[in-house]
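Visitor: Please show me the sequence and the structure. I shall then put my questions one by one.

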Amino acid sequence: MEAAAAAAGVELGSSKPQIATQSEMAEERVPIAYRDQCAHLLIPLNKCRVSEFYLPWKCEPERHAYEKCEYELVMERMLKMKKIREAQAAGKVKGGATIGLIPAKLA
């Protein structure tokens, strides 16, 4: 994957910075699966949800900001994958049809 991304001219990782630290996320008991670049928005959202008894019409600004951040991350990943696939189809990347699911460092 890393070789395919490098050949396609795509940087791996997100362009968004990680704002919340690991200690902050652990302190707020953010599940590991949700500890991404949008976790800094999830922390106040979860606090709001608890204080408002999870009423669906409460905390809308916080929820919207968090969902927008997650959407932007997904779209960014999709665009990067599209560029990698286009480069493979164009023959820039050797072994073009497959993209390894296991990073080269672990294989």
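Visitor: Does Phe 53 count as buried or exposed?
Guide: Three classes of relative accessible area are used, with a 1.4 Å probe and protein chains only: buried is under 20%, exposed is over 50%, and partly exposed lies in between. Phe 53 has a relative accessibility of 71%. Because 71% is over 50%, Phe 53 counts as exposed.

Visitor: What kind of model is this?
Guide: Residues are numbered from 1 along each chain as its sequence is written, and side-chain values use heavy atoms, without hydrogens or water. Local features need pLDDT of at least 70 and side-chain atom pairs count only at pLDDT 80 or more, while totals for chains, interfaces and linings use all residues, for this is a predicted model.

Visitor: Where is Phe 53 found, and what is its phi?
Guide: Phe 53 is found in the loop between H3 and H4, where helices are DSSP runs (H or I, at least four residues) numbered from the N terminus, and strands are E runs of at least two. Although Phe 53 is not a glycine, its phi is positive, at about 60°.

Visitor: Which other residue that is not a glycine has a positive phi, of about 55°?
Guide: The residue lies in the loop between helix H2 (22-27) and helix H3 (39-51). With a relative accessible area of 73%, it is exposed. Its name is Arg 29.

Visitor: How many helices and strands does the protein have, and what pattern do they follow?
Guide: The secondary structure comes to 4 helices and 0 strands. Read along the sequence, the pattern is α-α-α-α.

Visitor: What length does H4 reach?
Guide: Helix H4 covers residues 60-89, which makes 30 residues. The expected span is 1.5 Å times one less than the number of residues, and for H4 this gives 44 Å. From its first C-alpha to its last, H4 comes close to that value, reaching 43 Å.

Visitor: What is the relative accessibility of Ile 84?
Guide: Ile 84 is in helix H4, where the buried residues include Tyr 66, Leu 73 and Ile 84. The C-alpha atoms of Ile 84 and Ala 3 are 10.0 Å apart, although 81 residues separate them in sequence. Ile 84 counts as buried, with a relative accessibility of 1%.

Visitor: Which backbone nitrogen does the side chain of Glu 24 reach?
Guide: Glu 24 lies in helix H2 and is partly exposed at 39% relative accessibility. Leaving out residues up to four places away in sequence, Glu 24 touches Ile 19 and Ile 43, a contact being heavy atoms within 4.5 Å. At 3.0 Å, the side chain of Glu 24 reaches the backbone nitrogen of Thr 21.

Visitor: What share of the residues of the protein counts as buried?
Guide: The protein has 107 residues. Of these, the share that counts as buried is 23%.

Visitor: What share of the contacts with a separation of 6 or more comes from residues 24 or more positions apart?
Guide: The count is restricted to contacts in the protein with a separation of 6 or more. Among these, residues 24 or more positions apart account for 51%.

Conventions
Polar contact = N/O pair within 3.5 Å; in protein donor to acceptor, adjacent residues only side chain to side chain.
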